[in-house]
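Subject: Structure handover

Hello,

Here is the structure you were expecting. Please open it alongside this message, as the notes below follow the residue numbers.

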Amino acid sequence: MAGILAIDQGTTSTRAILFDTDLRPMARAQEEFAQHFPRSGWVEHDAGDLWDTTLSVCRAALEGQETPAAIGITNQRETVVVWDRETGTPIHNAIVWQDRRTAALCRQLREEGHEALLTERTGLLADPYFSGTKLKWLLDEVEGAREAAEAGRLAFGTVDSWLIWNLTEGRVHATDPTNACRTLLYDIHAGDWCPEICDLLGVPMAMLPEVRDTGGDFGETTLLGGRIPILGVAGDQQAATLGQACFRPGMVKSTYGTGCFALLNTGQTPVASKNRLLTTIAYRLDGKTTYALEGAIFIAGAVVQWLRDEMGVIGSAAETQALAEQADPNQEVVLVPAFTGLGAPYWSPESRGAAFGLTRGTGPAELARAALESVGYQTRDLLAAMEADWPDGEPSVLRVDGGMAASDWTMQFLADILGAPVDRPEFTETTALGAAWVAGMTAGLCPGMEAFEQRWHLDRRFEAQKDDGWRAAKYDGWRRAVRGVLAYDEAD
Ligand SMILES: Nc1ncnc2c1ncn2[C@@H]1O[C@H](COP(=O)(O)OP(=O)(O)O)[C@@H](O)[C@H]1O
Ligand SMILES: O=P(O)(O)OC[C@H](O)CO
């Protein structure tokens, strides 16, 4: 029987995985594309590259295969594309979620007292991470853009909308609530775009996509052989939450790719964070919205890439494990990888990274260990904030996935620093799996939630092996290092 094609359009590469209806992977293809850094703190993608790589990985994955019965799309979130409805041409490069160009605008929004409205409606903060201020920047800076948008000639979309538009050859301009809720323009309580915020940011509502259920009808494509309906769309972190079967309130997953994103399912209740986490939509199925608390860290696996590409201390990511094992146990080096600012729970876009505790004897091994440890410390920051925000639902086990979850050393350190077990599933491409499952379920080909939950299989559980004294001392060192980074920023 024909399968389900998952498109995973990520920050550094685009993937397509063809699953059979039992959700076993049958074929896959992946392509990287160029990152553009036109100025310090700016990150752009050529939106044409995002579409071209999508088309080519889909064609490669489908080569010699039957036409799939459905497509599920999952994508890097918050990244902004604006295009001309007539020609389908983007008016500018896509501005990527990591881009910090609107830090001053966000500061101004905070100083003028607008953050309360933004948080109340969207569950987010006035931070450059989200789409809204990036879109405002495009409308302000690209000549003629605002007039064209007001006249209805321009379309805005996160990457999902851009891909849907292209796959349907301009017939469908839509998104789903998991992507809409990251724009800073969407009212997560009303379940619709927020006119007040659009007004505040000068965004004409005519350019916004229609919001449809995560498992819903997003049109069909004829570009991949036959007619294939697009039946599932979710932002990549929410798709991973689905792929990890975190369906019950209290379940939490953490994905370690370029960054790290932890989501705690809070059921049908949107929990307002008192600890600078994000209130977000986990999924909307059959018109019913499930919410999550999210902690977002901008640098996780990217710190390992930095060791490889900029520092040249490793040849491959996997080498960090052996180095960390060799590190001198008497050296307490702490690395705060705030390369693009600090995300949750600090939200300090202008902070930059620092290493503490360096000695004459510090070498690549100690640096590699500190890099891997930084991922554990940052996760503990997030889970501590989650526990404070939602004490009744304290999560007992953390489900992990993403490229860096392959690092046993990092996962063991994570369990040790959390003082709680960490579960790694057999299949760690949970993002694509989640998108495929939603599309397959909507098509009536895949099992519902309960049966899907049963097919989650453990690869390995990492149990905490250290005592509370060790944990407290290590975490205290991290907290002091973060305070140092924040203080340096203030002094600036
Ligand atoms: N064995 C490993 N040890 C440490 N980090 C790893 C390992 N394997 C992969 N990584 C890191 O995981 C990241 C890739 O994960 P992936 O989920 O593919 O990311 P993304 O989807 O964000 O591109 C890279 O940043 C890489 O440095
Ligand atoms: O592309 P990834 O996996 O780094 O994920 C990016 C996130 O969606 C940003 O919020």
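The notes below go through the domains, one sheet, a helix and the two ligand sites.

Please keep in mind that this is a predicted model.

Domains

The protein splits into domain 1 (4-235) and domain 2 (244-425 + 457-492). Their C-alpha centres are 26 Å apart. Domain 1 puts 21 residues into the contact between the two, and domain 2 puts in 18 residues. On the side of domain 1 that touches domain 2, there are 9 nonpolar, 9 polar and 3 charged residues.

The sheet around β1

Six strands make up an open sheet with mixed pairing, in the order β3-β2-β1-β5-β14-β13. Its edge strands, each paired on one side only, are β3 (25-32) and β13 (220-221). As background, strands of a sheet pair through backbone hydrogen bonds, either parallel or antiparallel.

Strand β1 (residues 4-9) is mostly covered, with 6 of its 6 residues buried. This holds on both faces: Ile-4, Ala-6 and Asp-8 are buried on one side, and Leu-5, Ile-7 and Gln-9 on the other.

On one hand, β1 is joined to strand β2 (residues 13-19) by 6 bridges, and the two run antiparallel. A hairpin of 3 residues connects β1 to β2, and Leu-5 sits opposite Leu-18 in β2. On the other hand, β1 pairs with strand β5 (residues 70-75) in the parallel sense, again over 6 bridges. Here Ala-6 is opposite Gly-72 in β5.

Gly-72 also has a bridge partner in β14, namely Gly-232. Strand β14 (residues 228-235) runs parallel to β5, and 5 bridges join them.

Two helices lie across this sheet. Helix α6 (residues 159-167) crosses β1, β5, β13 and β14, at about 145° to β5. Helix α14 (residues 430-442) lies across β1, β2, β5 and β14, and also runs at about 145° to β5.

Helix α13

Helix α13 (residues 408-418) is mostly covered, with 8 of its 11 residues buried. Among the buried residues are Met-411, Phe-413, Leu-414 and Asp-416. After α13 comes Gly-419, which has a positive phi near 70°.

Ligand 1

There are 18 residues around ligand 1, and those that come nearest are Gly-257, Thr-258, Gly-301, Gly-403 and Ser-407. By class, this shell holds 6 nonpolar and 12 polar residues, with no charged residues. Helix α10 (residues 301-309) gives the most to the shell, with 4 residues. Domain 1 and domain 2 each supply at least three residues to the shell around ligand 1.

Ligand 2

Where does ligand 2 lie with respect to domain 1 and domain 2? Both domains give residues to its shell, so ligand 2 lies between them. The residues around ligand 2 are Gly-10, Thr-11, Gln-76, Arg-77, Glu-78, Trp-97, Gly-235, Asp-236, Gln-237, Gly-257, Thr-258 and Gly-259. By class, 1 is nonpolar, 8 are polar and 3 are charged. Gly-257 and Thr-258 appear in the shell around ligand 2 and are also among the residues that come nearest to ligand 1.

Regards

Definitions and conventions: Residues are numbered from 1 along each chain as its sequence is written. Chains are lettered from A and ligands numbered from 1 in the order in which they are written. This is a predicted model: local features need pLDDT of at least 70, side-chain atom pairs count only at pLDDT 80 or more; totals for chains, interfaces and linings use all residues. Domain bounds come from an automatic or database domain assignment. Two residues are in contact if their C-beta atoms, placed from the backbone, lie within 7 Å. Ala, Val, Leu, Ile, Met, Phe, Trp, Tyr, Cys and Pro count as nonpolar, Asp, Glu, Lys and Arg as charged, and the others, Gly among them, as polar. A residue is buried if 20 or more other C-beta atoms lie within 10 Å of its own, exposed if 12 or fewer, and partly exposed in between; C-beta atoms are placed from the backbone. Two strands pair if DSSP finds at least two bridges between them. Axes are lines fitted to C-alpha atoms, for helices over the stretch in contact, and angles run from 0 to 180 degrees between N-to-C directions. A residue is near a molecule or strand if its C-beta atom, placed from the backbone, lies within 6 Å of it.
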